[in-house]
Amino acid sequence: MKRAIYPGSFDPVTFGHIDVIGRALRLFDEVIVAVAPSEGKSPLFPMAERLDLIRASVPGETRLSVKQFDGLLVDFVKEEKAAAVIRGLRAVSDFEFEFQMALMNRRLAPDVETIFLMPKEDYSYISSRIVKEVARLGGDVSGVVPAPVAEALRHKFGKAR
Ligand code: COA
C-alpha cells in the first residue's frame, strides 16, 4: 500500500492542484493533501475553510484524505507512514525553490522521496495568488478554480463585483 503526501498552502485550491491530485491518485494507492498553516503568507482563507474547499472540490474520492499539518513536513510524512511527497511543477521558475525544499527535506529525512508532477499545460499559469488577485478585482475565475472555490471567493469579495 503506497501512500503519498501532497503538501501546500492551498489558499485556495485551484484546478492546477486538482490536476496534480488526479495524477498522484493514478500513481499511489492513497493520497493525503496536507494543508500547512502558512501564516507567513497571511492566508485569505482560514485553515478550516481551506480544508473544506479541497474536500468539496474532490467529492467521493475514497483514496484521498485532506488534513492539516503543523511543524516539519518530513515529520508529518513519517507520522502518516507515507512513501513520497508530491509537488507540482508548473514552469522553470518553480524549480529553484522546489529543488531547495526537496534537498532540505532529503537531508532531514533521507528515505522520503519528492516526486514532481506537471499539471496539464492549460493550468501552468495558474497560482493561488493570481486567482485571489483577479477575484478581488472582480474578474471571473470560474474556469480556473472548482465551483465551490469560485463561490467562496465571490462571497469573500462581495457579490456585487
Ligand atoms: N504571499 C502569499 N501567497 C504567496 C506568496 C506570498 N508572498 N508567494 C507565493 N504565494 C502563494 C502562491 O499563490 C502559490 O500558490 P499555488 O499553491 O497556486 O502554487 C503558493 O503560495 C506557492 O507557495 P510555495 O511556497 O511554493 O508552496 P506552498 O505554500 O503551497 O507549500 C510547503 C509550501 C507548505 C510545502 C512548505 O512550506 C512546507 O513544507 N512547510 C512545512 C514546514 C517545513 O517542513 N519547512 C521546511 C521545508 S524544506
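# A tour from strand E4 to the ligand

Start by selecting Arg87 and Phe116: Arg87 stands opposite Phe116, which belongs to strand E5. Strand E5 covers residues 113-117, and strand E4 pairs with E5 in the parallel sense over 5 bridges. Here, helices (H or I, at least four residues) and strands (E, at least two) are DSSP runs, numbered from the N terminus. Two strands count as paired if DSSP finds at least two bridges between them.

Before going on, a word on what is on screen. This is a predicted model, in which local features need pLDDT of at least 70 and side-chain atom pairs count only at pLDDT 80 or more, while totals for chains, interfaces and linings use all residues. Residues are numbered from 1 along each chain as its sequence is written, and side-chain values use heavy atoms, with hydrogens and water left out.

**Stop 1: strand E4**

Now select residues 84-88. All 5 of the 5 residues of E4 are buried, so this strand is largely enclosed by the rest of the structure. Buried means under 20% relative accessible area, exposed over 50%, and partly exposed in between (1.4 Å probe, protein chains only). In a regular strand, side chains alternate between the two faces of the sheet. In E4 both faces are covered: Ala84, Ile86 and Gly88 are buried on one side, and Val85 and Arg87 on the other.

Add residues 3-8, strand E1. E1 and E4 run parallel and are joined by 2 bridges, and Ala4 stands opposite Ala84.

Next, show helix H4 (residues 92-108) together with E4 and E5: the three make a right-handed β-α-β unit. To check the hand, point the strands away from you; right-handed means that the path from the first strand over the helix to the second runs clockwise.

Just before E4, pick Glu80, in the loop between helix H3 (73-79) and E4. Is Glu80 buried or exposed? Glu80 is buried, with 14% relative accessible area. Draw a C-alpha distance from Glu80 to Ile5: the two are 75 residues apart in sequence but 8.5 Å apart in space.

**Stop 2: the loop after E1**

Select Ser9, Phe10 and Pro12, which are found in the loop between E1 and H1. A cis peptide bond joins Asp11 to Pro12, with omega about 0°. Phe10 has a positive phi near 50°, although it is not glycine, and its relative accessible area of 4% makes it buried. Ser9 counts as buried too, at 16% relative accessibility.

From Ser9, follow the side chain across to Ser38: a polar contact of 2.7 Å joins the two side chains. A polar contact is a pair of N or O atoms within 3.5 Å; within protein, one must be able to donate a hydrogen and the other to accept it, and residues adjacent in sequence count only if both atoms are side-chain atoms. Ser38 sits in the loop between strand E2 (30-35) and helix H2 (47-57), and it has a positive phi of about 45° without being a glycine.

**Stop 3: the ligand**

Which residues come nearest to the ligand? Of the 19 residues around it, they are Ser9, His17, Lys41, Ser128 and Arg129; a residue is near a molecule if one of its heavy atoms lies within 4 Å of it.

Try these distances to oxygen atoms of the ligand:

- Ser9: 2.5 Å from a polar side-chain atom.
- Lys41: 2.5 Å from a polar side-chain atom.
- Arg129: 2.6 Å from a backbone N or O atom.

The protein covers 73% of the 940 Å² of accessible area that the ligand has on its own (Shrake-Rupley method with a 1.4 Å probe; for residues, only the protein chains shown count as cover).

Stay here and pick Ser127, in the loop between E5 and helix H5 (128-136). Ser127 is buried at 17% relative accessible area, and a polar atom of its side chain lies 3.1 Å from the backbone nitrogen of Ile130.

**Last stop: zoom out**

Show the whole protein as a cartoon: 6 helices and 5 strands, in the order β-α-β-α-β-α-β-α-β-α-α from the N terminus. Its radius of gyration is 15 Å, close to the 15 Å that the globule rule gives for 161 residues, so it is as compact as a globular protein of that length. That radius is taken over C-alpha atoms, and the rule is 2.2 Å times the number of residues to the power 0.38. Buried residues make up 46% of the 161 residues.

For contrast, finish on Arg26 in helix H1 (residues 15-27), which is exposed at 64% relative accessible area.
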